[in-house]
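Let's take a walk through this fold, from the whole chain down to a few single residues. Keep the viewer open as you read.

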Amino acid sequence: MARSLRRPRTDVTTVIFYIFLVCTGLLMIYSVGAPPDGYTGSTVDLLTTPFGKQFVWAGISVGVWVCINYLIDRKVWVVGAYPIYAITVLLLLLVLVVGKEINGARSWFSLAGFTFQPSELAKFGVCLAMAAFLSQYSGKLSQLRTVVYGCIIWLIPAVVILGQPDMGSTLVFTGFLLVMYREGLTPLLFVLGGFTVFMVVLGILFPFQYLLVALLALCVLLYTFSLPRRRKLYGILGGVAGAAAYVGVQSGYGWQSAVALGVLLFALIGYHLSRRNSRLVATSLFFISWGLALTFTAHYVYTSDVLPAHQHERIVVWLHPEDADPRGSYYNLLQSKLAIAAGGLSGRGLQQGTMTRFDYVPEQQTDFIFSAIGEEQGFIGVGMLILIFGLLLYRITVIAERQRRTFARAYAYGVAGILLVHFLVNVGMTMGLVPVIGIPLPFISKGGSSLLSFTIMIAVLLKLDKHRGEV
């Protein structure tokens, strides 16, 4: 009896953050979607507007939350993790056949005027499946086979969604690397992943020979610093060699500089091999080879006709906006930046944003709603929103770390990873920091299936947390 009285209650802090974000989303959709002469007509007419439909979905989400919290036993999510995952994958396959095509993507089921996107529900299914998998293999992620099996769980729906095609939703599934890292995945894979992305971007931004000289110069500097005696002197000489190579590149002698650095590097490699520093040599040669392969491939793909036109335009808008058409592919991002800048410190006020009110910013209620917040609420408004998101993510990690079961902890980190990727990509997209790929801002953007899916994720998380003291 005493134990039941001490059962943990629902985490009120997380609930408050959730309510704040949902209400903020409803308020912004109401403001942005208001007609020039304001809302008119009856309540029924209001429910047919984007705000009204989102309000209905918010009511449905609250009802689902209540059912999860009071009617569904915690063990349903543990035992049913893999079946729920399988159902969501089947829905993804089914939507390719009978789904409704919107904006070039066959990603929605349509019924009675409402649309539902199964890829949003698939994120919840993968959260459960990853939690079930890691509860069995936690601590074994040092084994390559276990890592591959874990990645397959989220790669299957990601590949299916890519075929819709929906690049934004596909990218979100990389957030499950966070939970894999928490459960033992080596951080070296993240280093390699970050290096891969970095070199691909550099391969698009700069000519191949520039990066060849830069990589060789970095390795020469590393090798000279690794010499046993007079390290500072040799380090200075290595830096001078790199600076001379840079001057040579700028003077039009890029390939000659690369050859000179290559000869110097091979001489240093021979010395280090004689000193049995084979690990240093092997690691540096791997990163040189991998980096050059990435930059050459990225530069070739970008400058050739390999990519579809719309994907090439997105890369141009992201990395070379000066070459983009301000009335074409660059229009959305340009208007988004102007709207955020127009907000200033405190914003123009609700329903007072000219950029968003008069539809200068496309998709302003969905993918680009952050720009509407920036214009109407200003720096203070977006700063508060970012703070609340950060606190919510922090609270989820606190909930995760106090769990006694691996399943609950892994599930919590899965939810945190999904929310983190959604937030970073959406906010970065509206400001030009990442490519425009179309991804909603959690709890804020218009979209019933998105709101319902995130509500289910949070509700199940809090349900598991309420029973964290049970064996």
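What share of the contacts in the protein chain with a separation of 6 or more comes from residues 24 or more positions apart? The figure is 72%. Bear in mind that this is a predicted model.

## The chain as a whole

The protein chain carries 21 helices and three strands. Of its 471 residues, 47% are buried. About 23,200 Å² is exposed, and 67% of that comes from carbon and sulfur atoms.

As for cysteines, there are zero disulfides in the structure. Cysteine 67 is partly exposed, because its relative accessibility is 32%. Cysteine 151 has a relative accessibility of 16%, so it counts as buried.

## Two nonpolar cores

In soluble globular proteins, nonpolar side chains tend to be buried together. Here the largest nonpolar core has 87 residues, and Tyr411 and Phe443 have the most contacts inside it. Helix α20 provides the largest share of this core, with 14 residues. Another core, of 20 residues, lies apart from it; Leu202, Leu265, Ile269 and Leu292 are among its members.

## Helix α20 and what follows

Helix α20 has 25 residues, and its first and last C-alpha atoms are 36 Å apart, close to the 36 Å expected at 1.5 Å a residue. Is α20 largely enclosed or largely open? It is largely enclosed by the rest of the structure, because 22 of its 25 residues are buried. After α20 comes glycine 432, which has a positive phi near 80 degrees.

## The loop between α20 and α21

Phenylalanine 443 sits in the loop between α20 and α21. A relative accessible area of 3% means that phenylalanine 443 is buried. Its contacts, leaving out residues up to four places away in sequence, include Tyr18, Leu21, Val22 and Gly25, as well as Phe389, Leu392, Leu419, Leu451 and Phe454. The backbone deserves a look too. Most residues other than glycine have a negative phi. Phenylalanine 443 is not a glycine, yet its phi is positive, at about 70 degrees.

Serine 445 is in that loop as well, between α20 (406-430) and α21 (448-466). Its relative accessible area is 3%, so serine 445 is buried. What does the side chain of serine 445 have 2.6 Å from one of its polar atoms? That is the backbone oxygen of threonine 366. Not counting residues up to four places away in sequence, serine 445 touches Ile29, Gln54, Gln365, Thr366, Ile369 and Pro440.

## Helix α4

One of those partners, Gln54, is among the buried residues of α4. The others listed as buried in this helix are Phe51, Gly52, Trp57, Ala58, Ser61, Trp65, Ile68 and Asn69. An α-helix has 3.6 residues a turn, so residues three or four places apart point the same way.

The length of α4 fits as well. The helix covers residues 50-70, and its 21 residues should span 30 Å at 1.5 Å a residue; the end C-alpha atoms are 30 Å apart, which agrees.

## Helix α14

Alanine 258 is in helix α14 (residues 254-274). With a relative accessible area of 6%, alanine 258 is buried. Setting aside neighbours within four places in sequence, alanine 258 is in contact with Leu212, Val213 and Leu216. How far apart are alanine 258 and alanine 214 in space, C-alpha to C-alpha? They are 8.8 Å apart, with their positions 44 residues apart in sequence.

Leucine 268 also belongs to α14, and a relative accessible area of 11% makes it buried. Leucine 268 and cysteine 219 are 49 residues apart in sequence, while their C-alpha atoms are 9.6 Å apart in space.

## A glutamine in α17

Is glutamine 335 buried or exposed? Its relative accessibility is 10%, so glutamine 335 counts as buried. This residue lies in helix α17 (residues 331-342). Beyond its neighbours within four places in sequence, glutamine 335 is in contact with Met355, Tyr360 and Val361.

Technical notes: Residues are numbered from 1 along each chain as its sequence is written. Side-chain values use heavy atoms; hydrogens and water are left out. A disulfide is a pair of cysteine sulfur atoms within 2.5 Å. Buried means under 20% relative accessible area, exposed over 50%, partly exposed in between (1.4 Å probe, protein chains only). Helices (H or I, at least four residues) and strands (E, at least two) are DSSP runs, numbered from the N terminus. A polar contact is a pair of N or O atoms within 3.5 Å; within protein, one must be able to donate a hydrogen and the other to accept it, and residues adjacent in sequence count only if both atoms are side-chain atoms. Contact means heavy atoms within 4.5 Å. Accessible areas come from the Shrake-Rupley method with a 1.4 Å probe; for residues, only the protein chains shown count as cover. The expected span of a helix is 1.5 Å times one less than its number of residues. A nonpolar core is a set of buried Ala, Val, Leu, Ile, Met, Phe, Trp, Tyr and Cys residues joined through side-chain atoms within 4.5 Å.
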